[in-house]
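Thank you all for coming; I would like to use these few minutes to walk through one structure, taking its pockets, then a pair of helices, then a single buried side chain.

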Amino acid sequence: MLKNILKGIGIGVANVIPGVSGGTLAVVLGVYDKLTEAIGNFFIVSFHKKIEYGKFLLQIALGAVIGILLFAKIIEFSYSNYPTITTIIFIFLILPSIPFILKNQSFSKKNFYSLIGGVFFTLCFMFVTYKFGVESAPGEITRSFSYLYGSKLFFCGVIAAGAMIIPGISGSLLLLILGEYYNILGFISNFHILPLIFFSLGTGLGLIGFSKVINILLKKFPSYTLYFIVGIILVSLGDMISRLF
């Protein structure tokens, strides 16, 4: 039990830091397969198996919550007071994830098209964010709340949850692109409950849905899926570099 909680703390900390993948850490810690299996199949297995999955997920979730609560304030402080240095550190944390993702994957024309698809997908997210959203700056937290904004937080939760369980891609990094990373940190560290409820509902739905879909994609189309992920990371990395200037 304690071992799973400690592993959950590591995964939670990783999900707070942009560029560090909770999914990658889950692989390193040896719980990724069981984690995605438990989340994706929880509602279709026998009651006895539900109990087993439930205990495991509860231990990991408890650790993740502890890790997030402990480090959210630290990361927010770092971004608020040392934004350039913190961003540079995160960029260097992203770079090693690329060869890890493409390990044992050959390069081909179809894989290149998948990479371009990931680039296009991320550019579309960035365009929507820059066109229709207002990104918060470090240290600035959105104070007003509406159900329309809650809907955006729900959507961000769904997308971030999908990213959290993909080895090599950071859910926090996508929250940066969607313009809500600093807000989410602020909501957590200042215990703003209502926006966190919307975000948590989206995260829960995203974890269940995406874990099942990603499991299927990684098993049936591993190369295409992994190159698509790399396309996302490359654009995200370029976006972070652009923020330094």
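**Pockets, a helix pair and a buried asparagine**

Let me begin with Thr203, which, leaving out residues up to four places away in sequence, touches Gly157, Val158 and Ala161. Please keep in mind throughout that this is a predicted model. Thr203 belongs to helix H11, and it counts as buried because its relative accessibility is 13%, which falls under the 20% limit for that class.

From Thr203 we can move to the space beside it. The largest pocket holds about 1100 Å³, and of the 40 residues that line it, those closest to its centre are Ala64, Val65, Ile68, Thr203 and Leu207. Which helices each supply at least two residues of that lining? They are H1 (2–16), H2 (22–28), H3 (32–41), H4 (47–81), H9 (171–177), H10 (181–189) and H11. Sorted by class, the lining of the largest pocket comprises 29 nonpolar and 11 polar residues, with no charged residues.

The second largest pocket, for its part, encloses about 330 Å³; 16 residues line it, and the closest to its centre are Ile166, Phe210, Ile214, Phe228 and Ile232. Two or more residues of this lining come from each of helix H8 (147–164), H11 and H12. By class, the lining of the second largest pocket has 14 nonpolar residues and 2 polar ones, and again no charged residues.

That brings me to the pairing of H11 and H12. Two packed helices are described by the angle between their axes and by the distance between those axes. Here, helix H11, residues 193–220, and helix H12, residues 222–242, pack at about 115°, with their axes 5 Å apart. On the H11 side the contact is made by Leu217, Leu218, Lys219 and Lys220, and on the H12 side by Pro222, Thr225 and Leu226. In terms of class, this contact has 4 nonpolar residues, 1 polar residue and 2 charged residues.

Finally, I turn to Asn111, which is placed in helix H7, residues 109–132. Is Asn111 buried or exposed? With a relative accessibility of 3%, Asn111 counts as buried. A polar atom of the Asn111 side chain lies 2.7 Å from the backbone oxygen of Ser106. Setting aside neighbours within four places in sequence, Asn111 is in contact with Ser106 and also with Ser223, Tyr224 and Tyr227.

Notes:
Residues numbered from 1 in each chain as written. Predicted model: local features only at pLDDT ≥ 70, side-chain atom pairs only at ≥ 80, totals over all residues. Heavy atoms only, no water. Axes fitted to C-alpha atoms, helices over the stretch in contact; angles between N-to-C directions. Helix = DSSP H or I, 4+ residues; strand = E, 2+ residues; numbered from the N terminus. Contact = heavy atoms within 4.5 Å. Nonpolar A, V, L, I, M, F, W, Y, C, P; charged D, E, K, R; others polar. 1 Å grid on protein atoms, 1.4 Å probe; cavity = no way out; pocket = protein on both sides within 12 Å on 5 of 7 lines; lining within 4 Å. Points joined across faces, edges and corners; volume = space filled by probe spheres on them. Buried < 20%, exposed > 50% of the residue type's maximum accessible area, 1.4 Å probe, protein only. Polar contact = N/O pair within 3.5 Å; in protein donor to acceptor, adjacent residues only side chain to side chain.
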